[in-house]
Amino acid sequence: MDFNHYFTNEELSDQLDAWVAKYPDLIQVTSIGNSFEGRPIWLVTLTNRHTGADTTKPAIWIDANIHATEITGTTAALYTVNRLLEGYGSDKGIAALLDKSVYYVIPRINPDGAAWAMAPNPRYVRSGVRPYPWDEKNEGLSSRDINGDGKILQMRLQDPNGDWKVSRLDPRLMEKRGLNENSGTYYRLFPEGLLEDYDGYIIKMARPLEGLDFNRNFPFEWRTEADQDGAGPYPASEPEIRALVDFIAKHPNINIAITFHTFSRVILRPYSTKSDDDMNTEDLWVFKKIGELGSKLTGYRCVSTFHDFKYHPKEVTTGAFDDWMYDHHGVFTYTIELWDLPTAAGIKDRKWIEWWREHPHEEDLQILKWIDEHGAPDAYMEWQPYEHPQLGHVEMGGWNYMYTWRNPPLDFVEAEVKGHCDYMLTLGELLPYLKIHTLNITKLSPDKYHLNLVVENTGFLPSYTSQQGKSRKSARPVRVELQLPDGARLTSGKLKEELGHLEGRSNKLEVSANFADSPTDNRARLEWVIQAAKGSVIKLNVLSERAGSITTEVILK
Ligand SMILES: [Zn+2]
C-alpha cells in the first residue's frame with residue numbers, strides 16, 4: 001500500500017472493504033451515522049473476534065479529519081489500521097494487542113468537508129458544510145478558486161496604504177511593511193475569491209458561510225456562538241458529532257484516545273480552558289508520562305493547550321473533543337497536530353502560535369526554498385496579473401496552502417505518520433487488563449465447596465483509568481457474578497459482589513527506591529462457600545468496564 005497518499009471518500013470505502021474481505025476475523029466496519037450531506041461515517045473496529053467481543057475488552061480510540069482540510073490524519077489512521085492487520089500474523093506484540101484489546105478507529109469524521117477539500121474545484125471550510133449560523137452569504141470576501149485552475153491561492157492588490165511589500169530577499173515572497181516605512185510600493189493581501197455585496201470601496205473579509213467548527217460542538221463547557229465561534233446551536237447539534245458522542249457514551253471500555261489534526265507537529269493535552277494547576281495532579285503526571293512516550297516515538301513535544309497553544313493569550317476555546325473525553329469520561333486524550341512546514345524546513349522549536357505574529361523574515365525564505373526543493377510544482381505560484389471582476393487589476397499567486405502548510409507534500413506523508421503508528425501501538429500496551437490470578441476450590445464436605453478467587457489488573461492504567469474517571473464515576477468498579485446450577489446455593493458470600501477498583505502501575509510513578517512502596521493494590525480477593533452436588537458447574541463473570549471482562553467456569557469435583 002502507498003501511504004504517500006491522501007484518500008478520497010471513495011478510496012477510503014474501497015480500502016475498508018478490501019480489509020474486511022482479507023481479514024474478516026480482525027476487522028469490522030460499520031457506519032456510526034451519516035454526515036450532513038448523507039455520507040457514512042465509518043468506524044473501524046479492530047480486535048480478534050475469537051477472543052471475545054470488542055465491548056468485553058479495553059479500548060483505544062483513534063479519530064481523524066474532524067476539520068475539513070486536515071486529511072493527513074486519515075492517512076495516519078489508515079496506516080495504523082494496516083499495520084495492526086498486517087502485523088497480526090507475524091508480530092507477537094501486535095497479536096497480543098488485538099487478542100486482548102480493541103482499537104476503535106474513525107479515519108474520517110467529516111467526509112463532507114474532506115470531499116469539498118479534495119474536489120477538483122476545491123472549497124476549504126473549517127468543518128461542516130452546513131451553512132451556519134445564517135443561510136445567506138455574508139457580506140465581504142470569501143475564498144474560492146475563481147480562475148478555474150483548481151487551486152485557491154492569494155491575491156495582491158496595490159494600495160499605498162497596504163501592509164505588505166515585495167520581499168527584498170526573493171521577489172516571489174511578500175514581506176511585512178515596517179511601522180515607519182512610507183516610500184515604497186505596498187499591497188494588500190487577500191485569499192483568492194469573490195466579494196458579496198461589494199460597494200466598490202470597502203473590502204471586508206466575509207464571515208464564512210459554513211461557519212461550524214465541529215471541535216467546538218462537544219458538550220464540555222460548551223458556549224453559544226456569542227462566545228465561541230463555530231460552536232453550533234447546542235452541544236452535539238451536528239450529526240457527525242452527535243454520532244461520535246453517542247458511540248463514546250455507549251463504550252465505557254475506552255481508556256486512551258487520540259484525535260489527529262494538522263498542523264504544528266505537537267501533541268496537545270487537556271485542558272484548553274484551564275491551567276495545569278487547576279487539574280488533578282496525579283492525572284497530570286500520567287498525562288505527561290504518556291505524552292513523553294509519544295515525544296520519543298514521534299519527535300513531537302507534548303504540551304498543554306491552555307499553556308502553549310492558545311490562539312490568543314486572553315482567550316480559551318471550548319467544546320473540544322479532548323477536554324470532553326478527559327473531563328467527562330476520564331479518558332487520557334491527546335490531540336496530535338501532524339506536520340509542520342517551518343519545522344520541516346529546519347526552523348527549530350518555534351513557538352507555535354507566537355511565530356505567526358513574530359519571526360525573522362529570513363525564515364519565510366528558508367521555508368520557500370524548502371518548498372522549491374521538495375514541494376509540488378504548484379506549491380508556490382509566481383504572481384500573475386489577473387483582471388478580477390470586482391477588484392480590477394490584481395496579481396494572483398503565492399501559497400497553495402492545502403499541500404504545503406495544511407498537509408505535507410505527497411512525498412512526505414508516510415514519513416510523517418509512521419512514528420505515530422508506533423505511538424498508537426505503544427498506547428495499547430498501557431491499557432488496564434483484567435486477569436484471574438487464582439481460582440481454586442476446596443472440598444469442605446461431600447456437598448460443600450470453598451471457592452477462592454483472586455483477580456488482578458495486569459495493565460499500567462487502573463480499572464478506572466484516571467482520577468477524573470473515578471470522580472466522574474464514569475467506570476463502574478470491578479464486579480464478580482456467580483451463576484449457580486439448579487439445586488445449588490451459597491452458604492457464604494453473595495451472587496453479585498463488588499470488588500472495587502484495581503490499581504495498575506500509574507499510581508507508582510515515584511522513581512526513588514527509598515520509598516519501597518509497591519503494594520499489591522492491583523489485586524482483590526473473594527471467597528464463597530457453595531452447597532452443591534458433585535459435578536455441578538459454576539459460572540463466573542468478572543466484569544470491568546475499562547479493563548475488560550472474563551467469563552469462566554469451574555466444576556465442583
Ligand atoms: Zn484541526
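This passage walks through a zinc site, a four-stranded sheet and one buried aspartate in a predicted model.

The zinc ion is a handy place to start. Its protein donors are His67 through ND1, Glu70 through OE, listed twice, and His261 through ND1, and these atoms lie 2.1 to 2.5 Å from the metal. Around the zinc ion, the four donor atoms subtend angles of 56 to 152°, so the arrangement comes out as irregular. A tetrahedral label would have needed all angles to fall between 85 and 135 degrees. Along the chain, the donor residues follow the spacing H-x2-E-x190-H. The two histidines therefore bring distant parts of the chain together at an irregular site: His67 sits in the loop between β3 (59-64) and α2 (72-87), while His261 belongs to strand β11 (residues 254-262), 194 residues apart. As for exposure, both His67 and His261 are buried.

Further along the chain comes the sheet. Four strands make up an open sheet, in the order β21-β19-β23-β24, with antiparallel pairing. β21 and β24 (550-555) take the edges; each has a single partner strand, so one side of each is left without a neighbour in the sheet. On average, neighbouring strands here are turned by 20° against each other, direction ignored.

The pairings can be read off strand by strand. At one edge, β21 (residues 496-500) runs antiparallel to β19 (residues 478-483), and four bridges join the two. Within that pairing, Glu481 has Lys496 of β21 as its bridge partner. β19 also pairs with β23 (residues 537-543), again in the antiparallel sense, this time over five bridges. There, Val480 stands opposite Val542 in β23. Glu481 and Val480 thus have partners in β21 and β23, respectively. As a general point, side chains in a regular strand alternate between the two faces of the sheet. Moving on to the other edge, β23 and β24 pair antiparallel over six bridges, and Val537 stands opposite Ile555 in β24.

Last up is Asp170, which is found in the loop between β7 (164-166) and β8 (174-176). Despite the loop setting, Asp170 has a relative accessible area of 13%, and so counts as buried, the cut-off being under 20%. Leaving aside residues up to four places away in sequence, Asp170 touches Leu365 and Leu368.

Methods: Residues are numbered from 1 along each chain as its sequence is written. This is a predicted model: local features need pLDDT of at least 70, side-chain atom pairs count only at pLDDT 80 or more; totals for chains, interfaces and linings use all residues. Side-chain values use heavy atoms; hydrogens and water are left out. Buried means under 20% relative accessible area, exposed over 50%, partly exposed in between (1.4 Å probe, protein chains only). Contact means heavy atoms within 4.5 Å. Donors are N, O and S atoms within 2.8 Å of the metal (3.2 Å for Na, K and Ca); water is not among the atoms, so sites may look incomplete. Four donors count as tetrahedral if all angles lie between 85 and 135 degrees; four count as square planar and six as octahedral if opposite donors are over 155 degrees apart and all others between 65 and 115; anything else is irregular. Two strands pair if DSSP finds at least two bridges between them. Axes are lines fitted to C-alpha atoms, for helices over the stretch in contact, and angles run from 0 to 180 degrees between N-to-C directions.
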